[in-house]
Structures are given as C-alpha cells and as structure tokens.
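This briefing goes through selected features of the structure shown below, grouped by topic. Please read it alongside the sequence and the coordinates.

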Amino acid sequence: VPSPPGRRARLSAAVTSRLSSAAREELRRRLLGLIEGHRVVIFSKSYCPHSTRVKELFSSLGVECNILELDQVDDGVSVQEVLSELTNQRTVPNIFVNKVHVGGCDRTFQAHQSGLLQKLLQDDPAYDYDLIVIGGGSGGLSCAQEAAVLGRKVLVLDFVVPSPQGTSWGLGGTCVNVGCIPKKLMHQAALLGQALTDSRKFGWEYSQQVKHNWGTMTEAIQNHIGSLNWGYRLSLREKTVAYINSYGEFVEHHKIKVQQLEKGSPGKLKVVAKSTEGPETIEGVYNTVLLAIGRDSCTKKMGLEKIGVKINEKSGKIPVNDVEQTNVPYVYAVGDVLEGKPELTPIAVQAGKLLARRLFGGRLEKCDYVNVPTVVFTPLEYGCCGYSEERAVEVYQKENLEVYHTLFWPLEWTVACRDNNTCYAKIICNKLDDDRVIGFHVLGPNAGEIIQGFAAAMKCGLTKQLLDDTIGIHPTCAEVFTTLQVTKASGLDITQKGC
C-alpha cells in the first residue's frame, strides 16, 4: 500500500538525491541482518489495513513479531526501495518467517490456511541447507554453484534410472549426456561425411571406399561426455557444494527424503510405426525404445503434491511466475521443467544463475525468455532468435510488421553443385519501433555461429537500418543480412540467380 501522496513525494525526492551506492549496500546488509536475526519480521505501515490484518493474525497465533513501521522511520522510503530489490515486492506488509520470504497479506493468509505458515513458525527449523537442488542438469548446477559462491550451504541431488542395458548418466543432465553435446558431435560426423562427397568436386581424388565406424565414433563421444561429468563433480567439490547421487522426494514442507532407486527391467511396450513414404505399418513389442520424440517431466513422483506445488497434470510441467517461483513461496523451478518456456541449456544456466543471485545476492535481474538464440543441428542448420512470424503477428499485429527475406546460395555449394535455393534468411521488423528487429531466422550452414552474434545485436536494439549500415564479410552466409531488400508483402521473387 503506497504512502500518503504528500509524504511519499517529499521522502522520495530526498532519497533520490541522498542514497549513494555505498549507503544502499549498507542498508541492504542492515535489512538482511534484521531478517536473519528474528523469527518473524513484518515491514509495515501504521495506517495500512492489510498490515493490521497480518499483525492480528500473528497475535492470534501467540507469535512475537519484529515490526518495522516504514512510515515512522526517517529512511522508510529507502528501506522499502531496497526491500523491493531483495523480494521483488513493492508493497507492504512484507513478511519474513525464519528467513523465508512469505510475501504480503494475501500470501500470508494462504500460507496459514495451507499449514505452511505453521511449519515455518516451528521454534527450531534446524535446516540442514540453505538451498537444495533436485536435478543436476544445466539449470540446477548453475543455481547451486552461484548460491555457493554467495556463501550459502547447498546440496545437489541427482539420479537417473539406468536403462535396461545398465547404462547410467553422470552429472550434467540431458544436455551433456544425451542432448546438446552428443548431438553436436554426431552432427559434425554427418557434416564430415557430406564434405567427403563434396571434396571430389574440389579436386580431391581417392580410390578406396570410405566407411564409417559407429563404434569408434560413439566411444570417442562417450569419453568426452565422461570427462564433462567428472568436471561437474570437481566443480561442485571446489565450491563446497554437497552432492548425492540419489533421488529427492518431498515428504513435507522443507523436508526432502533422499530413495536411491533400484535397477530393474521396464515393462514391455507395443510400438506402432507407420511409413511416411507408403501405406506400410509395422507393429512390435519391445522393452526398449531407442528413438522417441520429447521427454517426460519427472515431477509426479517427487512428493510435490504433499507440499501443494501445482503442476500441469497432462505434461508434468510446472507453472511459475516471472521470477521462477511456484505457487509455494519457497519452491522455485528452472530449466526444461518449466511450463511454456524454451527447453534450452543456455537459458536454464542463465535462469539458475539469476535465481541464486535474487535469492541470496540481493539482485533484481530476471531471465529474458523472448530474445533467446537457438539452433537445430539438422544436416542443414536452422537458427533463430526472438519471435517467429506467427507469434509476432499475435503480439504486434500484421499491419505493424515488415518481413524481409531471401533465399541464398552459399559459395561453398556452387562448385559442389548443391541446390542454389535451399538456404533462407528472414528478419521480422516492428514498424512502430524504428523497424527494430524482433525476429531473426536463418536456414543454412553454420546457422548457430551466425545467430549467436546477431543475438547480441538484438539485445542492443538492432534495427533494419543498422543492418543496412553494417559492412558484410564477403563471401559469407551471414552477409546476406546486410543486403536484405525484398519484403514478404511485396510478393517479389527471392530465388538466387547467381553469386
């Protein structure tokens, strides 16, 4: 609840001119000391009816509270300003119970009704850790290590059920073990095969038949993955993060049970496969499926229902707010398990790091889930950043957008006689914002390397004019973005006629 207009105006003007960075840091330390030194802290305003309701609730529970009335202290506005940086909450009452940020009036009463408040009010919480991370993937490891750097006691729990063949994972999650890393290395193997075919057109002569040895490739890739698994364990040890190779399950609020699962053969699966090139259908019963689309969110056996965390019952994904907080205040989620967010390693790393900084470092930065560069490592790579054309139309309306696009022919493909109209470049511009680029797309060789650089430019506010003013590197694929002229609305031909 805001202060009375007159008083707020006077104090805000004074704070703006007085509060230096050193003073702000000192005030932050003071507030953290107050929160850590008392069982219940209520940041309040004496005239606020919501604050009064909260005080009456704790009084009815017989709980002594440390109350700071922000309208009755000289630096009240400064306190509220720094407090909002710590909690992402700009209103009062702002309540902490045993160092846990409960929230405002409504959240406190919800916690009381669910029983969470009573758990938090236990005389001796005896927490073993400041932070427990369930899942040693990209996001979890990033959050755990950042929290440890910030001086917190952290535990990581990670366990993946072995396959029927006894194959198990090390630390690193999907990305390291069965995702980004092996995918890119196998992609490189495929590109080398294509390069062998192209090489004859460039004068390379060889008579012997060239064959691929799958075993040699997989052994080399697994050796690399093993070194990464070990590196993660070493990094956790160096940062004094505890690690247990076990499954984590909530048994009640703030209590997690650690049930290494037993190895076992799974049930048999009936597989029905239909050919994409004819009417043929294949059926069979198997206990292992090697090729699958998508992954399950392993959230339904973690005891989340015991503490009231909401999940999407169909997908198992977890809804969160814009600071990765679930509906239970002290439980957060990052990475692929989030509902409606990209399943990408770098964004999980960024989100985990920023979450730890907000929780334990007094920082404010939130993860940007829109301007996310990504690439699909198919034989012909596809990369993008920002909005798809369809999503941009939904957000900005079609009449406010200008789409520039073209097909292009990589120079490397000309001598090899590969298709001259396979690669594609497109940008989506917001006409109402100086033709700012809000979507960037490329289908062609090395799309990932191209997108990474332009993604930084988009974060800086890249416009069509800035692209036009940029000198291209000739001859490269990326230079096509400095010469885009044809709009999609014009309907003009975009086929490549020559180099």
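In this predicted model, four strands make up an open sheet with mixed pairing, arranged in the order β2-β1-β3-β4. The edge positions belong to β2 (66-69) and β4 (100-103); each has a single partner strand, so one side of each is left without a neighbour in the sheet. On average, and with direction ignored, neighbouring strands of this sheet are turned by 20° against each other.

**The four-stranded sheet and its helices**

- Strand β1 (residues 40-44) and strand β3 (residues 94-97) run antiparallel and are joined by four bridges.
- Within this pairing, Val 41 has Phe 96 in β3 as its bridge partner.
- Helix α3 (residues 49-60) packs on the sheet, where it touches β1, β2 and β3. The direction of α3 makes about 160° with that of β1.
- Helix α5 (residues 105-114) lies across β3 and β4, and runs at about 105° to β4.

**The three-stranded sheet**

- Three strands form an open sheet in the order β5-β6-β7, and their pairing is parallel.
- At the edges stand β5 (131-134) and β7 (242-244), each of which pairs on one side only.
- The average turn between neighbouring strands of this sheet is 15°, direction ignored.
- Four bridges connect β5 with strand β6 (residues 154-157) in the parallel sense.
- Ile 132 has Leu 155 of β6 standing opposite.

**Strand β15 and its partners**

- Strand β15 (residues 423-430) is largely enclosed by the rest of the structure, because seven of its eight residues are buried.
- Strand β14 (residues 401-408) pairs with β15 in the antiparallel sense, over eight bridges.
- In that pairing, Val 403 is matched with Ile 428 of β15 as its bridge partner.
- β15 also runs antiparallel to strand β16 (residues 436-443), and seven bridges join the two.
- Cys 429 stands opposite Val 437, which lies in β16.
- The strands β15 and β16 form a hairpin, with five residues between them. Asp 434, in the turn, has a positive phi of about 60°.
- In a regular strand, side chains alternate between the two faces of the sheet.

**Salt bridges**

- Side chains of opposite charge can pair when their charged atoms come close.
- The structure holds 23 salt bridges.
- One of them links the side chains of Glu 25 and Arg 28, at 2.7 Å from N to O.
- Glu 25 and Arg 28 are three residues apart in helix α2 (residues 21-36), so about one helical turn separates them.
- Glu 25 is partly exposed, with a relative accessible area of 33%, whereas Arg 28 is buried at 11%.
- Both residues also belong to a network of salt bridges that links Arg 24, Glu 25, Glu 26, Arg 28, Arg 29, Glu 81 and Glu 85.
- A salt bridge joins Arg 363 to Glu 365, with the closest N and O atoms 3.1 Å apart.
- Arg 363 is partly exposed, with a relative accessible area of 35%, and Glu 365 is partly exposed with 37%.
- Asp 433 and Arg 436 meet through their side chains in a salt bridge of 2.6 Å, N to O.
- Asp 433 counts as partly exposed at 33% relative accessibility, and Arg 436 counts as partly exposed at 24%.

**A nonpolar surface patch**

- Which residues make the nonpolar surface patch of about 360 Å²? The patch is made by Phe 202, Trp 204 and Val 415.
- Phe 202 is placed in the loop between α9 (180-199) and α10 (214-238).
- With a relative accessible area of 46%, Phe 202 is partly exposed. Residues in a patch need over 30% relative accessible area, so Phe 202 meets that cut-off.

Note on methods:
Residues are numbered from 1 along each chain as its sequence is written. This is a predicted model: local features need pLDDT of at least 70, side-chain atom pairs count only at pLDDT 80 or more; totals for chains, interfaces and linings use all residues. Side-chain values use heavy atoms; hydrogens and water are left out. Two strands pair if DSSP finds at least two bridges between them. Axes are lines fitted to C-alpha atoms, for helices over the stretch in contact, and angles run from 0 to 180 degrees between N-to-C directions. Contact means heavy atoms within 4.5 Å. Patches are made of residues with over 30% relative accessible area and no salt bridge: like charges are joined within 9 Å, nonpolar side chains (Val, Leu, Ile, Met, Phe, Trp, Tyr) within 5 Å. Accessible areas come from the Shrake-Rupley method with a 1.4 Å probe; for residues, only the protein chains shown count as cover. A salt bridge is a side-chain nitrogen of Lys or Arg within 4 Å of a carboxyl oxygen of Asp or Glu. Buried means under 20% relative accessible area, exposed over 50%, partly exposed in between (1.4 Å probe, protein chains only).
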